[in-house]
Amino acid sequence: MVSQDLQDRRAYLGSYADRYFELLPSGGYRQLPIAAGVVFTENGQRLRLGQGLWATATGAARTRAVTVLDGPAGQIATWGMVTEAGHDAILGVRLRVDDEGLIDEIDTFVVRFNDMSSTFSGSGLLDAQRLARPAPGLLDLVDEGDRPSVAELRRAADGYLDGVSSGEAGLIPVADDCLRIENGVQTVLRADGLLPGRAPNPATAMGVAQQVREGVTRHIAAARDRGMYLTDPSRGLVMVRFFFDHPGAVRGWQGRSPFTGPNSMPAWEVFKVRGGLIRHIEAIIAWFPYGYRWAAEEQR
């Protein structure tokens, strides 16, 4: 059972995220309960609150795909669709609320598809409809017998990142039927073997672990700068922020590489864990310059 105090805390934190998305299109950040000295970042860069997407957003969805509430830490992370000058974008938001009910940290991750034309054709890797609501079962409570601890949640997330970046599928505690959704698009176990706007690729029909065993992820050199872990054991959820480094088609490279040039992929990724295995993965991703870092981490 989830205590009444925890349920109240979840509703309390959820209202802050709802308000953030509600105020964004009008630029009404001054109506948020903000602590003096609040730290605000967009894509890793520390900005003044009101800059960045706050100055350019023209719309925000009322419902969102992913929400992770870490009540003991006073934090919530969520993501959903927004519009900016007529273009679709994904907005991830992490808020930390202090003991006085004021927001003292805001981290945002904006995935802008009009800036990704060199990576994706057409409108990019995006299924906006799928980002309008949570995947079935994602936010369901986990039975106490199958419920992971905070430490187990973090180990599952790190095991996935270690396995994908090293090519060691055995490190990943994942169920064979686990789906992975990236920017709303299913990228494993696809019956059609297709990603939107791209050529047929048999790898998309494989599962998470099989892709690693078959070398599909061998272009990933590292999963670095992991942080911002949020955990909700009652729902078996853990979120982590990190970068995948892609060196590109370096001289002497043999086999498939999805990238010609080097880049780093920032990601916010959520894992649903039940009975010791990852059952579902949701992520938002973008492509940034190679070696990019969340510079604001050094400014706190």
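1. Start with M228, which sits in strand β10, residues 222-232. Helices here are DSSP runs of H or I with at least four residues, strands are runs of E with at least two, and both are numbered from the N terminus. M228 is not a glycine, yet its phi is positive, at about 55°. With a relative accessible area of 14%, M228 is buried. For that word, the cut-offs are: buried under 20% relative accessible area, exposed over 50%, partly exposed in between, with a 1.4 Å probe and protein chains only.

2. Before going on, keep in mind what kind of model this is. It is a predicted one, where local features need pLDDT of at least 70 and side-chain atom pairs count only at pLDDT 80 or more, while totals for chains, interfaces and linings use all residues. Residues are numbered from 1 along each chain as its sequence is written, and side-chain values use heavy atoms, with hydrogens and water left out.

3. How confident is the predictor? The mean pLDDT of the protein is 90, and 90% of its residues reach 70 or more; pLDDT is the predictor's confidence in each residue, from 0 to 100. Look with more care at residues 116-122, where pLDDT stays under 50. For that stretch the model has 11 contacts beyond four places in sequence, a contact being heavy atoms within 4.5 Å.

4. Now the overall build. The protein has four helices and 13 strands. Its C-alpha atoms fill a box of roughly 55 × 45 × 35 Å along the principal axes. The radius of gyration is 19 Å, which agrees with the value near 19 Å that a compact globule of 300 residues would have. That radius is taken over C-alpha atoms, and the globule rule is 2.2 Å times the number of residues to the power 0.38.

5. On packing, 54% of the 300 residues count as buried. Among contacts with a separation of 6 or more, 63% come from residues 24 or more positions apart.

6. As for the surface, the protein exposes about 13,400 Å², and carbon and sulfur atoms supply 48% of that. The areas come from the Shrake-Rupley method with a 1.4 Å probe; for residues, only the protein chains shown count as cover. There are 32 positive and 36 negative side chains, and the centres of the two sets lie 4 Å apart. Lys and Arg count as positive and Asp and Glu as negative, leaving out His and the chain ends; each charge is placed at NZ of Lys, CZ of Arg, CG of Asp or CD of Glu.

7. A85 also has a positive phi, near 50°, and is a residue other than glycine. You'll find A85 in the loop between β5 (75-84) and β6 (87-97). Its relative accessible area is 62%, so A85 is exposed.

8. V66 is in strand β4, residues 66-70, and is buried at a relative accessible area of 2%. Leaving out residues up to four places away in sequence, V66 touches A77, T78, W79, L138, V270 and E282. V66 and E282 are 216 residues apart in sequence, but their C-alpha atoms are 7.7 Å apart in space.

9. N43 belongs to the loop between β1 (34-42) and β2 (45-47). Buried or exposed, this N43? At 11% relative accessibility, N43 counts as buried. Not counting residues up to four places away, N43 touches T108, F109, V110, R112, F288, Y292 and W294. The C-alpha atoms of N43 and V111 are separated by 8.8 Å, with their positions 68 residues apart along the chain.

10. M206 is in the loop between β9 (185-186) and α4 (208-213) and is buried, with a relative accessible area of 16%. Apart from neighbours within four places in sequence, M206 is in contact with V188, L189, Q211, E214 and V216. M206 and I34 are 172 residues apart in sequence and 46 Å apart in space, C-alpha to C-alpha.

11. Last, D98. This residue is found in the loop between β6 and β7 (103-112). D98 touches A35 and D104, not counting residues up to four places away in sequence. From D98 to G71 the C-alpha distance is 11 Å, and the two are 27 residues apart in sequence.
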